[in-house]
Amino acid sequence: MSRSNDAQQFWDVLCSSHPSRTRFALEHLLEAFRRVFPHRHSDTDVRVVLAQLLGELEQSGALRLPNKANRRAYDHSERTPLPKHVIRNDRPSGVKQARIVWRPELAFAIEIDSSWREELLSVQEWLRNGGTTALPVALRERSVEIFGDEKRLDSLLGTQLFAAGRLTLDLLRCYLPSVPIYVVSLPPDGSRRSLSVVENHTTFDSLCRWNEKCRRYSAVAFGAGAAFIAACESLRPHLAAPGCSGQLLYFGDLDPKGLWIPARASLESGITVQPDETLYSLLLAKGRKHRALPNQPISFEPVLLNWLPAALREETVRHFNSGRRLPQELVSLPDLSQLAI
């Protein structure tokens, strides 16, 4: 498909401004658009025109847009959504065939699936441009800097990229902010119970309501996703409080990141974080009844399964291999009410 003069001019300026890039962030796209069409700076349809140009360039094979179904890959701050990044397809054949020379920190790149190449190239570019001496910042701030998407690093935690000996938060000079964990405790009644940590806020609310009546746990804590890793240490006083047995049980999404979070929290805090087998068994039972379309297999590190009870690992692998993750929200308040106490 041939390109219009506007599309070709925009593409030429974009590529000449960033000749070594294979991934253009939204800021690069807007910058090139302003240079090519300065007279449109105050127009109300700038995003519409830019979206049309990008669509035309994709049709002609110059670039690849993110999947429209991936809302996180698009900026929805205004009426017309725009991609947070695009991938260049039309590199000269010599560039395409050239062997990538990875930095020593990324030497593992030759061992893993090529589907991770774009992410690793973004990390390599950031390291090359001073990342090794960057001041430490919060994870999402670094994610925006490297990928142009504040949640991209979140989604990579627990994948092959963060397996032992590969990417680390230390390498990326970032950290998970430590926020106080919100804990809802029961008044002591002479019994000693486990403390429960829940990954997401919806299930946290349901478990608190249920626990108030059934008194299964001494307290229910809101883990807030990956923030739990840095905040786990703050639960020590609650684990030593009257009415708590000292056992910490965790319940989160059944996906690679959902397994990585408690395993990592246990490693970094020195507190043994155990899976709540009852709730994970209930989640798998709900998953059997919940219809899902086949999808691409989910990439995961087998070592993550070691955190789960042995009886739940095989079924979990089947879900991952069929491209399926089980959000903990599949377990609702009525489901909890059916549990035997």
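## A tour from helix α8 to the N-terminal helices

Select Arg 215 to begin. Just after α8, Arg 215 takes a positive phi of about 55°. Keep in mind that this is a predicted model.

**Stop 1: helix α8.** Step back along the chain and select residues 201–214, which form α8. This helix has 14 residues. From its first C-alpha to its last it reaches 20 Å, close to the 20 Å expected at 1.5 Å a residue.

Now show its side chains. Which residues of α8 are buried? They are Thr 203, Phe 204, Ser 206, Leu 207, Cys 208, Trp 210, Asn 211 and Cys 214.

Next, bring up what covers them. Among the strands, select β8 (182–185), β9 (193–198), β10 (219–222) and β11 (244–251). Then add the helices α12 (277–289) and α14 (333–337). The cover of the buried α8 residues includes each of these elements.

**Stop 2: the cysteines.** Two of the buried α8 residues are cysteines, Cys 208 and Cys 214. How many disulfides does the structure hold? It holds zero. A disulfide is a covalent bond between the sulfur atoms of two cysteines. Here the cut-off is 2.5 Å between sulfurs.

Select Cys 174 and Cys 232 to check two cases. The closest cysteine sulfur to that of Cys 174 is in Cys 232, 19 Å away, so it is too far for a bond. Cys 174 counts as buried because its relative accessibility is 6%.

Cys 232 has its closest cysteine sulfur in Cys 244, at 12 Å, which is also too far for a bond. With 0% relative accessibility, Cys 232 counts as buried.

**Stop 3: α1 against α2.** Go to residues 5–17 for α1 and 26–36 for α2. The two helices pack at an angle of about 125°, and their axes lie 9 Å apart. That angle makes α1 oblique to α2. On the α1 side, the contact is made by Gln 9, Phe 10, Val 13, Leu 14 and Ser 17. On the α2 side, pick His 28, Leu 29, Ala 32, Phe 33, Arg 35 and Val 36. Look along the pair for handedness: α1 passes α2 in a right-handed crossing.

**Stop 4: α2 against α3.** Keep α2 and add α3, residues 46–59. Here the packing angle is about 105°, with the axes 11 Å apart. The helices are therefore roughly perpendicular to each other. From α2, show Leu 29, Leu 30 and Phe 33. From α3, show Val 46, Val 49, Leu 50, Leu 53 and Leu 54. Those residues make the contact.

Conventions. Residues are numbered from 1 along each chain as its sequence is written. This is a predicted model: local features need pLDDT of at least 70, side-chain atom pairs count only at pLDDT 80 or more; totals for chains, interfaces and linings use all residues. Side-chain values use heavy atoms; hydrogens and water are left out. Buried means under 20% relative accessible area, exposed over 50%, partly exposed in between (1.4 Å probe, protein chains only). Helices (H or I, at least four residues) and strands (E, at least two) are DSSP runs, numbered from the N terminus. The expected span of a helix is 1.5 Å times one less than its number of residues. Contact means heavy atoms within 4.5 Å. Axes are lines fitted to C-alpha atoms, for helices over the stretch in contact, and angles run from 0 to 180 degrees between N-to-C directions. Angles under 35 degrees count as roughly parallel, over 145 as roughly antiparallel, 65 to 115 as roughly perpendicular and the rest as oblique. A crossing is left-handed if the near helix is turned anticlockwise from the far one by less than a right angle, and right-handed if clockwise.
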